[in-house]
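Colleague: I am new to this model and would be grateful for a close look at one part, the lining of a pocket. Please then follow the elements concerned outwards into the rest of the chain.

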Amino acid sequence: IHHYRNQLGRIEQSSGDYLRDVNQAWECFDLEQADHCRYVRNMIKVKDAMDCEYGGVGENGYQNVETYPMPQHSMCTYGSYGGNDVYYSHSVMNSKYVFGSGGIKKGMYIVFNKQYSEADYQTLFEKIKAHMQQTGEWGQYFPIKTSLFGYNETNAQHWYPLTKADVEKRGWRWQEPLPASTVQSTSCTQCQRPFK
């Protein structure tokens, strides 16, 4: 039995499904106009990307999620758009040389949401990177134990259900639902309608 695959345009040395105009795209899905990609999904106009999802228009990205346009030379970002050299950051917009930061817009030479001179940034960045390489953290996405949500509050529980004991055994967070008696009813100050 031959599986039907949706592939259009130039498809060279590639594997996956819903591919269009790609070259050397391995195990990729919903990918268009891409070169040298691996494990990429739902992206367009990317080059040299690996383990990325939902984004596009960028080069040299690794483990980036929801990045359109994807910051150039970026790694382990979520919801970051434009710019370049963004690492381990969330919601960084059109910024350059950012590490471990969130909520930055048009920033430059920033580590942990603090701005530095170019020289100080490079020194601190290399020091942190060397430490992370030594501990095996460099190149790994944010660990689940740093999540703000309990495992049972995420889609992971739907797709990969675990018991509370299994979650806690792994050192992850489990969130018990709040008792109904702790939920307070308030009113909207504009219209005085109650809401919970």
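Modeller: The second largest pocket is a suitable place to begin, and its lining consists of Tyr88, Phe99, Gly100, Phe112, Ile128, Met132, Glu137, Gln140, Tyr141, Phe142, Pro143 and Lys145. Two elements, strand 7 and helix 1 (118-135), each give two or more residues to that lining. A pocket here is an open set of points on a 1 Å grid over the protein atoms alone where a 1.4 Å probe fits, with protein on both sides within 12 Å along at least five of seven lines, and a lining residue has an atom within 4 Å of a point. Helices (H or I, at least four residues) and strands (E, at least two) are DSSP runs numbered from the N terminus.

The model is predicted, so local features need pLDDT of at least 70 and side-chain atom pairs count only at pLDDT 80 or more, while totals for chains, interfaces and linings use all residues. Numbering starts from 1 along each chain as its sequence is written, and side-chain values rest on heavy atoms, with hydrogens and water left out.

Tyr141 and Phe142 lead on to the largest pocket, since both residues appear in the two linings. That largest pocket has 27 lining residues, and those nearest its centre are Tyr141, Phe142, Ile144, Ser147 and Thr154. At least two lining residues come from each of strand 5 (53-67), strand 7 (81-99) and helix 2 (155-159). Strand 5 makes the greatest contribution to this lining, with 4 residues. Strand 7 therefore supplies residues to the linings of both pockets.

Strand 5 and strand 7 each hold a residue with an uncommon label. Asn60, which belongs to strand 5, is not a glycine and yet has a positive phi of about 55°. With 28% relative accessible area, Asn60 is partly exposed, as that term covers the range between buried (under 20%) and exposed (over 50%), computed with a 1.4 Å probe on protein chains only. Tyr97, a member of strand 7, likewise has a positive phi, of about 60°, although it is not a glycine. Tyr97 too counts as partly exposed, at 25% relative accessibility.

Beyond strand 5, in the loop that runs from it to strand 6 (74-78), lies Pro69. The peptide bond joining Tyr68 and Pro69 is cis, with omega about -5°.

Strand 8 (residues 102-105) contains Ile104. Why is Ile104 called buried? Its relative accessibility is 11%, and Ile104 is therefore counted as buried. Leaving out residues up to four places away in sequence, Ile104 has contacts (heavy atoms within 4.5 Å) with Ser91, Val92, Met93, Ser95, Ile110 and Asn113. The C-alpha atoms of Ile104 and Met93 are 6.1 Å apart, although 11 residues separate the two along the chain.

The interior can be described through its nonpolar cores, each a set of buried Ala, Val, Leu, Ile, Met, Phe, Trp, Tyr and Cys residues joined through side-chain atoms within 4.5 Å. The largest of these has 13 residues, and Cys28, Leu31, Cys37, Val40, Met43, Val46 and Ala49 touch the most other members. Strand 2 (16-26), strand 3 (28-38) and strand 4 (41-50) each provide at least two of its residues. Strand 3 provides the most to this core, namely 4. A second core, separate from the largest, has 12 residues, among them Cys76, Val111, Tyr121 and Ile128. Ile128 thus links this second core to the lining where the account began.

Met43, from the largest core, also has many neighbours outside its own stretch of chain: beyond four places in sequence, Met43 is in contact with Asp30, Leu31, Glu32, Cys52, Glu53, Tyr54, Gly55, Gly56, Thr67 and Met70.

Two serines complete the picture. Both Ser14 and Ser15 lie in the loop between strand 1 (7-12) and strand 2. Ser14 is buried because its relative accessibility is 15%, and Ser15 is buried because its value is 16%. Neighbours within four places aside, Ser14 touches Leu19, Val22, Asn23, Gln24, Ala25 and Trp26. On the same basis, Ser15 is in contact with Ala25, Trp26, Glu27 and Cys28. Ala25 and Trp26 are therefore neighbours of both serines, and Cys28 leads back to the largest nonpolar core.
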